Amino acid sequence: MPRGADALSDDEIETIRLWIDQGAEWQTHWAFVPPARPAPPAVADADWARNPIDGFVLARLEGEGLAPSPEADRATLLRRATLDLTGLPPTPGELAAFLNDDSPDAYEKAVDRLLGSPRYGERMAVEWLDAARYADTNGYQTDGERSMWRWRDWVIDAYNANMPFDRFTIEQLAGDMLPGATREQRIATAFNRNHSQNGEGGIVVDEFLVEYAVDRVETTSTVWLGLTLGCARCHDHKFDPLSQQEFYEVLANFNNIPERGKAFKYVNSPPLITAPTIEQEAELAELDARIRTAREAFDALAADAAEAQVAWEASLAGAGRVDWTLRDDLLAHHPLDGDIGGVHDGRVVAAALVDGQPRFVDGRIGAAAAFDGQRFIDAGNSPDLTYDDPFTLAAWIRPTAADGVIVSRASAGDQGEVGWGLYLEDGKVRLNLSTRILDDGVSAETVEPVTLGAWQHVVATYDGSKAPGGIRVYVDGEPRELTPMLDLVGNRLPQRYPLRIGASGSTKPRFEGDIDDLRIYGAVLTPAQAAVVATAEPVSEIAVLAPGQRTPPQAAKLRLAFLDQYAPPEIRTAWQELAALEREREALWESYPTVMVMEELAERRPTYRLNRGAYDNPAEEVFPGVPAVLPPLPEGVEANRLSFARWLVDPGHPLTARVTVNRFWQMYFGTGLVATAENFGTQGEYPSHPELLDWLATTFVDSGWDVKALQRAIVTSATYRQASQVSPALRERDPENRLLARGPRLRLPAPMIRDQALAVSGLLAERLGGPSVKPYQPEGLWADMVEGGYGDYVESEGDDLYRRSLYTFWKRTLGPPSMMTFDSSTRETCIVRTGRTNTPLQALNLMNDVTYVEAARRLAERVMTDGGETPEERLGYAWLLTTAHRPPPGAEQILVDGFERHLGRYQADRAAALALVSQGESPRDETLDVPELAAYTMVANLILNFDGTITKE
């Protein structure tokens, strides 16, 4: 008897007895058996079928005593296919061309046109972004912004180029591991960096490294395997033949990337790559060509430059003291040569001496400021340096104490020092940037201490990577080995503290000794440049040395001084143009978008089975693998992420093709052949048409994983072309249309509802790809929901307000409210099947949201200028734009009556009319009568809210 259920009936017991008597043949779960292509079944009405899909559907219908529905009328069919393949409605011109095409293959030609449209890639990408849990923020507490849109562009381009699905799979899961991986292949791997990432202070790093790897397993298994593999995280799967150990063997494939458990809150977290667009690459290539030309021009002057430099060096013998120093990217300079003032970003700044009287001593270059552990210099509130900025701090120091602040913009916080600074700690040089000294910042210090009582030049550089690996320290021009001290950047670095020389605003000891020639650069000095800055000898002194007696830094300083200031004009100009172009290229590269990607550690990170799934309770070590119930990896192949990706798209794999074609089917019919698109396991639903599912899967593989060919096969089938009208008897028999005796009738997905309104109104800005945009949403929504008011919603401007919903900025903890109202996925986790609800909020949204009110006004303008002269003609045109049909007579009269009522009201209240037609940022057509425009706007608003408008018939 079943546990916790009623006893079996006598008939059920007899059935089991007969099965045993007949040999009790047992087969593993159907989804784990590789599909074999079935032959299309024989059917009575063979003339109905247009391709093999229809044979399988019709055979089921005939077995159920049902007949298929007639074909939908041509206008309905074109609107259905256009929405399904592009996410947008047909234009009047496209509709007219189709209706006037009498050729037998007119519909097939229309489908081919739609598949060739760039809109196709955008429409397909929407489904993939839901599955890939794509968002523009990190999730969790602050939910700060990230930049992943270059991966979204990759997806759109891949669909438009009809990239084979096996390649589409491999590049997204392991493109970085392909031999000679291209930038685009590395961008593709952002698929598995789309998950939420936590940047909260105080989190346990190891815990979230596990969470990120678990998310990759759950997402990958849902998208490609249709299995709830995540159920085996804490114990063996309760329903499917998947063990806990196998879960962690799969996890081991995704647990070997050099990522941070604590993510950066407001920017991308490594590993990441710079990912210029095609246009930006062209811009870069043009600049590189200019650099090559400039370098060739400079190199052509090499002989003349060498001769001129020799003559210049000889002239220095009687020139007195001549010196030069590096000034490129110099943000602040305090020579401390008898004066505590300085120059910050080209402007002279005053400075104040605090807690003492001025004292200067002989320095390394002229005089130097003396510090007694009390006095320090307040040099004002600049320069601003953040965790994201590359910079260099440089100074001559002669310390007399092992602890002291050389320079800082820092102060005391409730959890340690806040800000940035260069310090001596036990004689070691430490560069520190921190928001909270224990768990939010980045720092590193030298392994060896400096020498007390002696002049030394110190240079500390930071590359903006927010990691101690981006810090370098040089003493007297020589690089020093460093010890990482803090690697937990999360929050932003405050800028409210003054620049202090010799102290900070905290309790850290003030500097004791002498400081000379303090410099702050807004760039990372190269090792050669660091050595030049550390060269105190003036160029006139270096010039008298024989070339063989000069150190490399001295020779470099002499040459740079000559080229920068003393070379003949032609040579100096050529040098300066080359240097300027190289700086321009560096700035250009830094301006380009980045994207988080997958990357393999050189040495594999150990993976363990975790008792009860707890990150801190490891059991035995496990190694990359695949579940035993599925085919094994090929013999001799190393088990890793790349082999796992290739294994998924092996033609003999039982799940990947089935799961994929099932989601495509779901996209058109609302429900997959397997209704539980996320679960093909034993608790999932059995296919409504198992032979059709296997035919689609094997055909897909045999076609070379041709995605467009599969879409074409589905939408050109007689099954898809059926009318969607349903009789009461059929609704009673098959309310969810699982038997496919009619065409699909479904409310449009959330993005499509908005995009259609923009399209029919003429507002839609059709620019392919690019960064996310922020269209209208209720004012103050983010401020009420986001920690500390971070990241208030700044509405986009111009055309960006009217881009397709695909490009709408997606905050993970607070998705676009209008789309959430229409049952969009939240993008917090992988979603491959969304529900559909009907609530009053949806009608309220369509009637009142500024997006739809503005779209209604623009639709009204369109029908007033292009739709004819009479209300009947204009409102009929509006109906045509939104539904691809003319309104039936009864509906037309209702619309006209409504228009006349609204017109009377607005003629009596022009202020209300003007308020209505002024909604939104797009300018209204001021040549149109305001009350009349308002009346048409109200009726257009009604039409946009019409069931036939927001429904795919």
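Arg510 is partly exposed, with 24% relative accessible area, and its partner in a salt bridge is Asp355, with the closest N and O atoms 2.7 Å apart. This is a predicted model, and a search of the whole structure turns up 56 salt bridges, a few of which are described here along with the cysteines, a surface patch and two helices.

**Salt bridges**

- The pair of Arg510 and Asp355 links distant parts of the chain, 155 residues apart. Arg510 sits in the loop between strand 18 (500–501) and strand 19 (512–521), while Asp355 sits in the loop between strand 5 (352–354) and strand 6 (360–362).
- Asp355 has a relative accessibility of 45% and counts as partly exposed.
- Some salt bridges share partners: Glu122, Arg754, Asp755 and Arg804 are joined into one network in this way.
- Which residue does Glu94 meet in a salt bridge? The partner is Arg113, at 3.3 Å from N to O.
- Glu94 belongs to helix 4 (residues 92–99) and Arg113 to helix 5 (residues 106–115), so the pair links parts of the chain that count as distant, 19 residues apart.
- Both ends of this bridge are partly exposed: Glu94 has a relative accessible area of 23%, and Arg113 has 35%.
- Asp101 pairs with Lys109 in a salt bridge whose closest N and O atoms are 3.1 Å apart. Asp101 is partly exposed at 21% relative accessibility, and Lys109 is partly exposed too, at 40%.
- As background, side chains of opposite charge can pair when their charged atoms come close.

**Cysteines**

- How many disulfides does the structure hold? The number is zero.
- Cys231 is in no disulfide, and the nearest cysteine sulfur to it, that of Cys234, is 9.6 Å away. Cys234 is likewise in no disulfide, with the sulfur of Cys231 as its nearest.
- The cut-off for a disulfide is a pair of cysteine sulfur atoms within 2.5 Å, so the 9.6 Å between Cys231 and Cys234 does not qualify.
- Cys231 is partly exposed at 41% relative accessibility, and Cys234 is partly exposed at 30%.

**Helix 1 and a nonpolar patch**

- On the surface, Leu8, Ile13, Ile16, Trp19, Ile20 and Trp26 form a nonpolar patch, and together they have about 630 Å² of accessible area.
- Ile16, one of the patch residues, lies in helix 1 (residues 10–21). Ile16 is partly exposed, at 39% relative accessible area.
- The twelve residues of helix 1 should span 16 Å at 1.5 Å a residue, and the end C-alpha atoms are 16 Å apart, in agreement with that value.
- Gly23 follows helix 1 and has a positive phi, near 110°.

**Helix 30**

- Helix 30 (residues 889–908) has 20 residues. From the first C-alpha to the last, helix 30 reaches 29 Å, close to the 28 Å expected at 1.5 Å a residue.
- Which residues of helix 30 are buried? They are Ala891, Leu895, Val896, Gly898, Phe899, Leu903 and Tyr906.
- Looking down the axis of helix 30, the buried residues fall within an arc of 165°, so they line one face of the helix.
- Pro889, Ile894, Arg901 and Ala908 are exposed on the other side of helix 30.

Notes
Residues are numbered from 1 along each chain as its sequence is written. This is a predicted model: local features need pLDDT of at least 70, side-chain atom pairs count only at pLDDT 80 or more; totals for chains, interfaces and linings use all residues. Side-chain values use heavy atoms; hydrogens and water are left out. Buried means under 20% relative accessible area, exposed over 50%, partly exposed in between (1.4 Å probe, protein chains only). A salt bridge is a side-chain nitrogen of Lys or Arg within 4 Å of a carboxyl oxygen of Asp or Glu. Helices (H or I, at least four residues) and strands (E, at least two) are DSSP runs, numbered from the N terminus. Patches are made of residues with over 30% relative accessible area and no salt bridge: like charges are joined within 9 Å, nonpolar side chains (Val, Leu, Ile, Met, Phe, Trp, Tyr) within 5 Å. Accessible areas come from the Shrake-Rupley method with a 1.4 Å probe; for residues, only the protein chains shown count as cover. The expected span of a helix is 1.5 Å times one less than its number of residues. The arc is that of the directions from the helix axis to the C-beta atoms.
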